[in-house]
Structures are given as C-alpha cells and as structure tokens.
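Student: I am new to this structure and would like to look closely at one part of it before moving outward. Could you begin with a single residue and its surroundings, and then lead me from there to the other parts in one connected account?

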Amino acid sequence: MTDSIARVASGHPQTTAAAAAILEAGGNAVDALLAAAWSACVAEPIFCSPGGGGCALLRLRGRSPQLLDFFTQTPRARRLDGIDFYPIQGNFGTDVQEFHVGMASVAVPGMVAGLFELHRRYASMPMSELAAPATELARNGVELNAAQALALVILEPIVTANAESARIFGLQAPCSALPGLGDRIVNRDLARCIEELACRGPDLFYRGEIAAAISAMSARGGGHLRPDDLSGYRVAWRRPIKWRLGEVQLWSNPPPAFGGLMVALMTRALERRLSADAEFGSPAHLDALIGAMRESENRRLELERPETLRCDRLLMRSFEKLVEPKLETSKGTTHISISDAAGNLAGMTLTNGEGCARAVPGCGFMLNNMLGEQDLNRLGFHNWPTNRRLSSMIAPTLLSRHGRLLMLGSGGSNRIRTAIAQVVCNMMHFDMGLDEAIRAPRVHLEGMRLSLEIDADFWPPQTASWLEDQPMAEVRRWPPHSLYFGGVQAVSDHAAAADPRRGGTVWQR
C-alpha cells in the first residue's frame with residue numbers, strides 16, 4: 001500500500017530539483033531518475049560523470065525487483081609500455097587515502113549506455129526533455145555547496161592536474177585558487193555534450209565523435225582504451241541478490257559486484273550478534289558493529305581467491321553458501337532514490353571513482369579511474385582480467401517490511417557497505433525513523449584502524465571509555481556528519497531522508 005506521494009532523495013539540491021521537475025511534469029520514477037543522473041554530472045562532478053559507471057535497482061509496481069548493471073568494463077588488451085598511471089594523496093583532514101590516476105587508470109565507461117537503456121525500456125518522456133535541467137544548469141552555473149567544496153579540497157591533485165581538468169571545476173588555470181563555498185561554476189562544454197547525447201543517442205559516445213576523442217587521448221596519453229573497447233560495451237540486466245533478516249526481505253547489487261554481498265554479510269552478522277536489549281552506542285552495540293565488520297571482511301577475503309574472482313558463477317555460488325542461515329560467527333560516488341505516485345521505486349548509484357585527472361577535450365567531463373581503485377583491483381594493479389566487468393562496492397538496496405518498501409544507497413568507496421548496514425540496523429534494531437537512522441553517527445573499521453564520528457547528542461557517556469579499551473592500532477575520531485562516512489539517500493512509500501554528510505536534500509509532493 002502506498003500513500004500516492006512522489007519523493008526524491010539525492011546528494012545535491014540541483015539533482016533533487018531536476019528529478020522533482022520531471023515528476024511534477026508527469027514523468028515516472030525512471031524519467032526522474034534519468035533527469036537526476038544527468039544533473040548530478042553537472043552539480044556533483046567530483047562524484048559522477050558521463051565517463052564513469054553505476055547501476056540502477058528498480059521495483060516497478062507489479063514487477064519483481066531488477067537491477068541494471070552499467071558499471072565500468074576492463075579493456076580488451078593491456079598496454080604494456082608508456083602507461084600513464086601514478087598515485088595521488090586525497091586528504092580528508094583526519095585521514096589520508098591514496099588513489100591512482102592517469103589515462104591507464106581508465107576503464108570503459110558505462111553510464112551513458114545505462115541511461116539510454118533505462119530510457120529505452122521504461123521512460124515515458126523524450127531524453128531531450130529529461131536532459132534539459134542538466135544542460136540549463138551547466139550553462140547557467142551551479143553554486144558550490146559545502147560538500148562539493150570540501151571534495152575539491154580533498155582531491156585537489158586531481159582537480160588541478162592540467163588545464164582541461166581545471167576548467168571543469170571553474171579554474172582558469174591549474175595554478176588558480178580552488179573555488180569556494182557559494183562560487184558559481186559554469187560548464188558550457190558539458191552542456192553541449194549532454195545536449196548532443198540526448199539528441200543523437202549513445203552511439204555518439206561509443207562509436208562517434210566522443211568515442212574517437214577518448215580513443216585518441218588514450219592512444220597518445222598512455223591509456224589502455226581502444227575504439228573496440230567502447231563500441232563493444234554492453235549493459236547487463238541482473239537478478240538482484242536476495243536475503244532475509246527476520247521479517248525483512250532485502251535485495252541488492254549481485255556479483256560480479258561485491259557491494260550487495262558485503263551489505264548482506266554485515267547485516268546478517270549484526271542481526272546475529274546484537275542482543276535484543278542492546279542500546280544504541282552501548283558497548284554491546286559497538287562490539288557487535290566491530291565484530292560484524294571484521295567478520296564480513298574476513299568472509300570477503302575467503303571469496304577473493306584468484307580462481308573465484310575470475311568467475312562470476314563461482315562468486316555467486318560462494319555468496320549463496322555464505323548467506324545461508326547456518327552461517328556461523330567467525331570513493332567518489334553518489335546515490336539517488338526516487339518513488340513516484342504510482343508506487344514505483346528506483347535507485348541509482350553513480351561513480352566516477354575520483355576521476356583519472358584527464359578530461360575529454362571539449363566535452364567538459366573527466367574519465368573514471370576504476371583501474372586505479374585498489375578496492376576494485378584485488379588481483380593487483382595492471383593484473384585485471386581483460387574484457388570483464390569490474391567488481392564494485394556500490395550497493396543500491398531495497399527493503400520490504402510488512403508491505404512497506406524502502407529504497408536506499410550510498411556513496412563513499414569502501415564505506416558504502418558499512419553506511420548502508422548501519423542505517424538498516426538503526427531502523428530494525430533500534431527502531432529509529434528513517435531520518436534519525438541516517439543522521440546517527442557511524443563507525444568504520446579498516447584493518448586495525450577504527451574510525452568513528454563523535455556526536456555527543458547520540459553516543460552515551462560509556463562510549464568514551466569503550467574507545468579507550470579498544471585494542472586497535474589506531475582510533476580516529478571524526479566530527480559529526482563527515483563526508484568520509486558516505487552519503488545515504490533513501491525514499492520509502494511513506495518517508496524520505498537525505499544524508500547531511502554529502503549535502504543531501506529531499507523533495508516530496
């Protein structure tokens with residue numbers, strides 16, 4: 001049963017506004033999702049781009065959940081010499097993370113193919129109308145909000161790598177000062193590019209002039225991509241993975257992605273470890289969180305044998321064994337969630353990695369750096385299987401409880417799984433409302449390094465003493481609502497909530 005109210009939750013006011021405009025014009029949830037995706041490329045260029053990839057989870061009225069995989073693909077051949085691939089440091093303030101960029105970090109983009117496939121199958125409005133909010137925004141400019149301004153600072157080595165990249169973010173030259181909060185960034189090249197794509201279709205990107213530009217810059221700039229990599233790209237419709245937590249049924253991104261698998265493993269571990277009387281922030285809760293994170297990561301490592309990583313069927317079988325009831329205890333991304341008045345729900349997670357620091361000339365967007373993402377290249381850099389869908393941590397997730405539906409997802413690299421799992425736990429175990437569940441402070445474990453948002457309004461007094469007793473090599477204390485811990489955007493058939501960590505906004509009518 002639904003309340004016949006349309007809702008949007010996304011990581012930027014302009015992304016939300018684009019989806020809202022389409023819903024008000026009579027578009028369905030998929031129409032709104034497409035408008036939001038194009039606008040996110042303009043408003044959230046650090047997090048997504050036509051040069052990246054993603055996936056969409058749909059639950060259309062009267063249909064089973066389905067997932068469209070348009071994540072990035074490895075090239076068909078490796079370039080063996082003269083590659084452009086190097087590390088940079090992303091400074092989060094409390095943490096420094098290494099990323100690898102350059103033309104050799106670029107995988108075959110899937111976003112454009114994915115948007116047009118969704119349009120072909122489920123849209124009700126012309127793509128030119130759905131892209132119009134984005135082109136208008138790119139021409140008129142978008143004011144830099146706090147989340148995007150901070151992201152520019154974190155990834156300054158990528159933003160200022162060269163003149164073409166710098167122009168995307170409003171810099172006249174790489175040595176210019178970074179734009180700040182409230183500055184307006186205009187990107188007329190991207191406006192023209194999106195407008196042309198909307199009118200001419202995906203062939204422009206995969207076989208036409210944009211494909212030629214990408215292939216040429218790869219050939220002369222030390223990359224792997226060739227024309228047949230682009231022309232041979234295909235999206236894939238997949239059956240979502242499915243698991244149960246008590247009375248709740250969940251669906252998420254299946255293999256070859258790891259994201260949904262990790263959310264499933266962690267939520268199952270939390271369900272098993274949390275006692276019924278545990279309170280939020282208590283030692284019992286925090287011990288369960290740490291244990292569930294460690295357990296799910298260990299289970300993932302069991303799956304990461306080279307022979308398993310090279311075979312999606314083996315990975316799926318291994319996953320099915322791990323989520324059986326008898327299981328025993330042992331990066332730059334954005335998300336959009338939408339529901340329409342007809343009861344359709346749609347969620348899309350988009351990513352460009354951190355960007356490769358190379359922009360497509362005259363097109364106003366940066367290509368991805370997925371071949372430089374350590375978390376996605378577990379066999380080692382430059383050792384990826386050729387012509388294969390890369391694994392991913394993105395995990396749009398659908399919940400069904402007592403006939404009520406909830407669509408949620410998050411950005412945040414390898415913090416995606418912990419962010420989603422904690423929001424689900426907050427709602428199910430601690431009976432929080434959707435907004436409170438998203439705003440509650442988060443914890444993330446990385447090896448023997450524990451990161452935790454310090455929020456006196458949520459954590460009880462005993463949290464401090466619990467932290468002092470932790471046998472971690474390092475404990476990092478973060479301010480509340482840090483961008484580091486992802487950005488969960490969620491809609492249900494009765495509520496909507498956006499994450500303040502990444503400037504999220506909601507709309508409903």
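Tutor: Leaving aside its neighbours within four places in sequence, Thr16 is in contact with Val8, Ala9, Ser10, Thr505, Val506 and Trp507; please keep in mind throughout that this is a predicted model. Thr16 itself lies in helix H1, which covers residues 13-24. Its relative accessibility is 4%, and because buried means under 20%, Thr16 counts as buried. One of its contacts can be described more exactly, since the side chain of Thr16 makes a polar contact with the side chain of Thr505, at 2.8 Å.

From H1 we can move on to the next helix, H2, made up of residues 29-43. At the start of H2, a side-chain oxygen of Asn28 comes to within 3.0 Å of the backbone nitrogen of Val30. The length of H2 can be checked by a short piece of reasoning: its 15 residues, at 1.5 Å a residue, should span 21 Å, and the C-alpha atoms at its ends are 20 Å apart, which agrees. H2 is also mostly covered, with 15 of its 15 residues buried.

That leads to the nonpolar interior. The largest nonpolar core has 93 residues, and those with the most contacts inside it are Trp38, Phe205, Ile210, Ile338, Met348, Phe365 and Leu367. Helix H2 gives the most to this core, with 13 residues. Apart from it lies another core, of 65 residues, which includes Ala292, Met407, Met432 and Val491. To see the surroundings of one member of the largest core, take Trp38: once its neighbours within four places in sequence are set aside, Trp38 is in contact with Leu115, Phe116, Met127, Leu130, Ala131, Ala134, Ile194 and Leu197.

Helix H12, residues 259-273, can be examined in the way used for H2. At 1.5 Å a residue, its 15 residues should span 21 Å, and its end C-alpha atoms are 21 Å apart, which agrees. H12 is mostly covered, 12 of its 15 residues being buried, and among these buried residues are Gly259, Met262, Thr267, Arg268 and Leu270.

Now to the charged side chains. Side chains of opposite charge can pair when their charged atoms come close. In this model the count comes to 24 salt bridges. In one of them Asp69 is joined to Arg389, the closest N and O atoms being 3.1 Å apart. Asp69 counts as buried at 6% relative accessibility, and Arg389 is likewise buried, with a relative accessible area of 9%. Another salt bridge joins Glu297 and Arg417, whose closest N and O atoms are 2.9 Å apart; Arg417 counts as buried at 8% relative accessibility.

A further salt bridge is found within a helix, where the side chains of Arg121 and Glu117 meet at 3.9 Å, N to O. Because these two residues are 4 residues apart in helix H3 (residues 111-122), Arg121 and Glu117 are separated by about one helical turn. An α-helix has 3.6 residues a turn, so residues three or four places apart point the same way. Arg121 counts as partly exposed at 37% relative accessibility, whereas Glu117, at 12%, counts as buried.

Salt bridges can also be linked together, and Arg442, Glu453, Asp499 and Arg501 form such a network. Glu453 belongs to strand S16 (residues 449-453), which pairs with strand S15 (residues 443-446) in the antiparallel sense over 4 bridges. Within this pairing, Leu445 has Leu450 in S16 as its bridge partner. The hairpin of S15 and S16 has 2 residues between the strands, and there Gly447 takes a positive phi near 65°.

Beyond S16, in the loop between that strand and helix H18 (462-468), we find Trp459. Trp459 is buried, with a relative accessible area of 8%. A polar atom of its side chain lies 2.5 Å from the backbone oxygen of Glu453, a residue that also takes part in the salt-bridge network just described. Trp459 and Pro441 are 18 residues apart in sequence, and their C-alpha atoms are 7.9 Å apart in space. With its neighbours within four places in sequence left aside, Trp459 is in contact with Phe280, Gly281, Leu286, Pro441, Val443, Leu452, Glu453 and Ile454.

Notes: Residues numbered from 1 in each chain as written. Predicted model: local features only at pLDDT ≥ 70, side-chain atom pairs only at ≥ 80, totals over all residues. Heavy atoms only, no water. Expected span 1.5 Å × (residues − 1). Buried < 20%, exposed > 50% of the residue type's maximum accessible area, 1.4 Å probe, protein only. Polar contact = N/O pair within 3.5 Å; in protein donor to acceptor, adjacent residues only side chain to side chain. Contact = heavy atoms within 4.5 Å. Core = buried A, V, L, I, M, F, W, Y, C linked by side-chain atoms within 4.5 Å. Salt bridge = Lys/Arg side-chain N within 4 Å of Asp/Glu carboxyl O. Pairing = 2+ DSSP bridges.
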